[in-house]
Amino acid sequence: MEINKESQAKQHDFEVISNQDGSYIGKLRVNGKVKKVSPYFSEKEAEKQLGNLNNHIQLEKRKEIQVKEVETDIQFKEIREND
């Protein structure tokens, strides 16, 4: 099994893993094992899919942060109105 060196810098512990069957996206576990989280692709397609996955994760994190900011603003507004 070969871990693609270019992908090692990626966030979220997802990597493109290549073996004799093809390339897939794997999630690195704490114990050092890899969990296969995608079907097999060509290496180029696996890299593209990993980019899509990372973009999706970043968008979801941004949405989460925005929701928390709005909730915090609402709480502070309520406190100010009660004073």
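Start with the whole chain in cartoon view: you will find one helix and four strands (DSSP runs numbered from the N terminus, helices being H or I with at least four residues and strands E with at least two). Following the cartoon from the N terminus, the order reads β-β-β-β-α. Keep in mind that this is a predicted model, where local features need pLDDT of at least 70, side-chain atom pairs count only at pLDDT 80 or more, and totals for chains, interfaces and linings use all residues. Residues are numbered from 1 along each chain as its sequence is written, and side-chain values use heavy atoms, with hydrogens and water left out.

Now switch on a surface. The chain exposes about 6600 Å², with 50% supplied by carbon and sulfur atoms (Shrake-Rupley method, 1.4 Å probe). Of its 83 residues, 20% count as buried (under 20% relative accessible area; exposed is over 50%, partly exposed in between, with protein chains only).

Next, select Tyr24 and Tyr40. Searching the whole structure turns up one aromatic pair (ring centres within 6.5 Å), and Tyr24 and Tyr40 form it, edge-to-face, at 5.5 Å centre to centre and 85 degrees between the planes (edge-to-face means over 60 degrees). Tyr24 sits in strand β3 (residues 22-28), while Tyr40 is in the loop between β4 (34-36) and α1 (43-82), 16 residues apart. Tyr24 is buried at 6% relative accessible area, whereas Tyr40 is partly exposed at 37%.

Finally, add Lys36. Lys36 lies over the face of Tyr24, 5.8 Å from the ring centre (NZ of Lys within 6 Å of the ring centre and within 35 degrees of the ring normal). Lys36 also lies over the face of Tyr40, at 4.4 Å from that ring centre.

How values were computed:
Buried means under 20% relative accessible area, exposed over 50%, partly exposed in between (1.4 Å probe, protein chains only). Rings of Phe, Tyr and Trp (its six-membered ring) pair if their centres lie within 6.5 Å; planes under 30 degrees apart count as stacked, over 60 as edge-to-face and the rest as tilted.
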